Amino acid sequence: ARHKVPSRPSGAEARQVFAPGGPLEEARQRIVALAPPIIAVEAQVGPDCPMLLGDPASLIQVIVNLGINAVQAMERDGGTLTLTMAPVSADESFPTLPPGRYVSLVINDTGIGMSAAVLERIFEPYFTTRDAQHGTGLGLPIVQQLVRNMAGQMQITSAEGVGTRVQVILPAAPQ
């Protein structure tokens, strides 16, 4: 009798409880491998950071995609990319989240930043500020979908010449 090869679980079946530090470090190493040496990539997990419930591979993909965007914004002048994860409660900055324990992932760069006009359009599929060789315009819509699949939310703030801050809020695993 032939054995059925199980397909890779996706969505809810892929959810597992995991510590955020492993995926964060894995993502940091992937970003470092792609970034020019003039860019420092720092990662830190805050004390008392709870476990996450979700798919570690999706989390790595989110961090790497956002990190590569940040690196591209700093390629010319260099800078620092900071990846931090810390416990947070749903508060007024994320009013649509149900009360509970969450993990905040912040990806902060010191790059060229974005204008308000660009910021308004960044989640539109195929919208890109890069030429055809350097971007499809699908990175952020894909990241947004992955974050939604993990029952999370994302907020981006940016100013030209100052840099960009992306905050992803993900639900902590039940205690």
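This is a short tour of a predicted model, arranged as a series of selections to make in the viewer.

Begin with the whole protein chain, coloured by secondary structure: it has four helices and seven strands, and, read along the sequence, these follow the pattern β-α-β-β-α-β-β-α-α-β-β. Of the 175 residues in the protein chain, 40% are buried. If you display contacts with a separation of 6 or more, 72% of them join residues that lie 24 or more positions apart. Switching to a surface view, you are looking at an accessible surface of about 10000 Å², with 54% of that area belonging to carbon and sulfur atoms.

Next, select Val62, Leu66, Leu81, Leu105 and Val168, which are the residues with the most contacts inside the largest nonpolar core, a set of 36 residues. The elements that give two or more residues to this core are helix H1 (21-34), strand S2 (39-45), H2, strand S4 (79-89), strand S5 (101-109), H4, S6 and S7. Among these contributors, H2 supplies the largest share, with nine residues.

Stay with Val168 and show its surroundings; leaving out residues up to four places away in sequence, Val168 touches Val62, Leu66, Val103, Ser104, Leu105, Val147, Gln153 and Met154.

One of those partners, Val147, leads to helix H4 (residues 139-149), where Leu140, Pro141, Val143, Gln144, Leu146 and Val147 are buried. To see what covers the buried residues of H4, add helix H2 (56-74), strand S6 (153-159) and strand S7 (163-171), which are included in that cover. Just after H4, pause at Ala151, whose phi is positive, at about 60°.

Now move to Ser158, which is placed in strand S6. Which backbone atoms does the side chain of Ser158 reach? One is the backbone nitrogen of Met114, at 2.8 Å, and another is the backbone oxygen of Gly163, at 3.1 Å. Widening the selection to residues in contact with Ser158, and setting aside neighbours within four places in sequence, brings up Gly113, Met114, Leu119, Gly163 and Thr164.

Finally, return to the surface view and select Val17, Met51 and Leu53, which together make a nonpolar surface patch of about 230 Å². Leu53 is found in strand S3 (residues 52-54). Is Leu53 buried, partly exposed or exposed? Leu53 counts as partly exposed, because its relative accessibility is 31%, and the partly exposed class lies between buried, under 20%, and exposed, over 50%.

Note on methods
Residues numbered from 1 in each chain as written. Predicted model: local features only at pLDDT ≥ 70, side-chain atom pairs only at ≥ 80, totals over all residues. Heavy atoms only, no water. Patch = residues over 30% accessible without salt bridge, like charges linked within 9 Å, V, L, I, M, F, W, Y side chains within 5 Å. Areas by Shrake-Rupley, 256 points an atom, 1.4 Å probe, with all protein chains shown as cover. Salt bridge = Lys/Arg side-chain N within 4 Å of Asp/Glu carboxyl O. Buried < 20%, exposed > 50% of the residue type's maximum accessible area, 1.4 Å probe, protein only. Contact = heavy atoms within 4.5 Å. Core = buried A, V, L, I, M, F, W, Y, C linked by side-chain atoms within 4.5 Å. Polar contact = N/O pair within 3.5 Å; in protein donor to acceptor, adjacent residues only side chain to side chain.
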